[in-house]
Amino acid sequence: MRSRWSSEAAAGLDPLALRVYTSRLLGAEPALVLFGGGNTSVKHEVADPRGGMRRALTIKGSGTDLATINADGFAALGLDDLLPLRAREVLDDEAMVELVTLALLDTRAPRPSIETLLHAFIPLDWIDHSHADAILTLTNQPDGAARVTEVLGDAIGLVPYIKPGFDLSKAAADVYGADPSVSGLVLDKHGLVTFGATAQESYERHIELVSLAEARITRSWCGPRQPTAEAKGDAARLALTLRGRLSRRGHMIVRSNTSPRVRAFVDRPDVTRIARQGPATPDHVLRTKRLPLVLPSGEPRDAPEAVERYETAYAAYVEAHADSADDFRHDPGPRVILAPGVGMFTAGRTASEADAVARVYRHTMDVIEGAESMGGYAALPARDLYDIEYWPLELYKLKLAPPERKLAGRVALVTGAASGIGRATARRLAAAGAHVFVTDIDGAGADDVARRIGGDGDAAEALTLDVTSQRDVTTAMRRVLLAVGGLDIVVSNAGIADAASIARLELDAWQRSLDVNATGHFLVSQAAIRALREQDIGGSVVLVCTKNALDPGRDFGAYSAAKAAQLQLGRVLAIENGEHGIRVNMVNPDAVFADSRLWSDDLRAGRAAAHGVDVDELEDFYRRRNLLQTPIGADDVAEAVLFLASDRAGKTTGAVLPVDGGVRGAFPR
């Protein structure tokens, strides 16, 4: 690992700015820290809010990401309030947190790291702590202490495993106090702590020690092998089966990884043994659980029973270690699933959560295989991991989390979503918590909508989709399954319109309307229904039809006939799929002009002529003809779609919901 230090970039920075700079250097290395892991601190003089200057420990806030941290990600604490705590013999977690909180110089600062006292008790000004893969590879062996001493020698002090908190802080300080010449401390099964009189010294000591560990590992392990066989299963179907089984208590996102690196690990003949030892560090148990699920095969039919066995075993693990039957229980389902011949699947309530699980376990693979190459991998006992997974300080964080949105964990696919009703619907579903696939024949437009909804891909993804192409629809559905494991909501909205009397209507215009406004909805709905049935947790299909399906107008025959077919398609789908818990409903909007590509200049002219009004009076004509005398917007339709797609309409199927301001001829009968 190379040093990223730049004297030019560091020149002239005050202590807090320099702490931000070197923290980001550590955070830029995934092999050092992931997703809020690690800690950094600096001891320096700060302005006391009560007047004068004061010696302070400024430390990273709990859970803050080192890769992107700013000054407001740190908390400053009075050092003279913390140092006397070292003289105590005992200090429980609750009292420790209270005393550390009382030392804050700004109550608006983030919650200080649980390892605040470790940083306070070591006297040097600059301290860096990471969960470096290479260090964990050394410690996670049966003779881990000997391995660390062999590789790092007198440069470090070795601290035996102790759960983070007061006892670990005292133990680390004692090891340092016994030999202040060391460059750092290795915390067994936990990582590396380095320190120095300057930021550069602490950082470069960190890189030097990790590099020594990496060099030793490389002598035993040259990296993962390549898969030796072709894939033995359908990753998309397996993802769909897994998501259906994992989502019965709460909807989950399931990510798929079939890369050669992952295949090389899951296809090892000893994968069951090496994967079931435990995580590389107890911090990871909060994301990955103690153990992954290793499937007996890549066949979807084997997955449900394997998940059930895992959940039973997890319940037994909790029961064996819980203090009382009333204790909180995490969802018992696996977060990491390894499928020989296929790849790895990771689960989370959001795409970013599932991605985080995947990245953590991807690094765990390296630690496991590196340790195996040197003599064997050995993680912490189940009791120690349970203590972290169900640590009251970690459970408390769950209470601070905001309430979940109504569509959390749901996956939605919206067609014709680059503009108009589709775009408004995609935005509304994402705002309610769904992971939305924005699809449109205009791929660039779909990309733009998805980017504006959620630039990090956690809320929206884009797909180019021609709904009249069965191949396109099949390909898009497969991409959805591989990306998130399944779907819950399908909004079939794509449509076109031409104005012409039946007498003047060209055959190709008639056929084009049927292709998009009827067959397109058939293809999308059929593919969705097949996936929803196989997933087996219900679902919702909403067809965006039109007032014209019930109340057609002159010179609008091709559109009205095709949309009437769409409406009947929806009714039959509702009849055929109720027994599978799949609801199918229709929305009938009228005259949504704003942000709509449907209303071309030609269509406006044709509809104005049919109604005997000037083109510039057309929108007002439609407003005045409904009972409420109100214009209809895309957001109005999106709100109706959200209602029908959500659990609020959980007992409604086969319904036709008008969003037209009240057009008497279009009243559903």
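These legends accompany four close-up views of a predicted model.

**View 1. Helices α10 and α20 pack at an angle of about 55°.** Here we look at the contact between α10, residues 235–246, and α20, residues 470–484. Their axes lie 8 Å apart. The two helices are therefore oblique to each other, and α10 passes α20 in a left-handed crossing. On the α10 side, the contact is made by Ala-235, Ala-236, Ala-239, Leu-240 and Arg-243. Facing them from α20 are Arg-478, Leu-481, Leu-482 and Val-484. Sorted by class, the residues of this contact are seven nonpolar and two charged, with no polar residue among them.

**View 2. The largest cavity holds about 60 Å³ of space.** A search of the whole structure turns up two cavities of 30 Å³ or more, and this view is centred on the largest. Its lining includes the run Thr-288, Lys-289, Arg-290, Leu-291 and Pro-292. Ala-275, Gly-278 and Pro-279 also line this cavity, as do Val-336, Tyr-361 and Thr-364. The lining of the largest cavity is mixed in class, with six nonpolar, three polar and two charged residues.

**View 3. Six nonpolar residues line the second largest cavity.** About 30 Å³ of space lies inside this cavity. Look for Leu-413, Leu-465, Val-473, Ala-476, Met-477 and Val-524 around it. Helix α20, which you met in View 1 as the partner of α10, returns here: α20 gives the largest share of the lining, three residues. The lining of the second largest cavity has no polar and no charged residues.

**View 4. The second largest pocket offers about 820 Å³ of space.** This pocket is lined by 42 residues. To find your bearings, start with Asn-493, Ala-494, Gly-495, Ile-496 and Leu-598, the lining residues that lie nearest the centre of the pocket. Several elements give two or more residues to the lining: helices α18 (420–431), α21 (507–535), α22 (557–577), α23 (601–611) and α24 (618–625), together with strand β13 (435–440). Of these, α18 provides the largest share, three residues. By class, the lining of the second largest pocket divides into 18 nonpolar, 13 polar and 11 charged residues.

Notes:
Residues numbered from 1 in each chain as written. Predicted model: local features only at pLDDT ≥ 70, side-chain atom pairs only at ≥ 80, totals over all residues. Heavy atoms only, no water. Axes fitted to C-alpha atoms, helices over the stretch in contact; angles between N-to-C directions. Helix = DSSP H or I, 4+ residues; strand = E, 2+ residues; numbered from the N terminus. Parallel < 35°, antiparallel > 145°, perpendicular 65-115°, else oblique. Left-handed = near helix turned anticlockwise from the far one by under 90°. Contact = heavy atoms within 4.5 Å. Nonpolar A, V, L, I, M, F, W, Y, C, P; charged D, E, K, R; others polar. 1 Å grid on protein atoms, 1.4 Å probe; cavity = no way out; pocket = protein on both sides within 12 Å on 5 of 7 lines; lining within 4 Å. Points joined across faces, edges and corners; volume = space filled by probe spheres on them.
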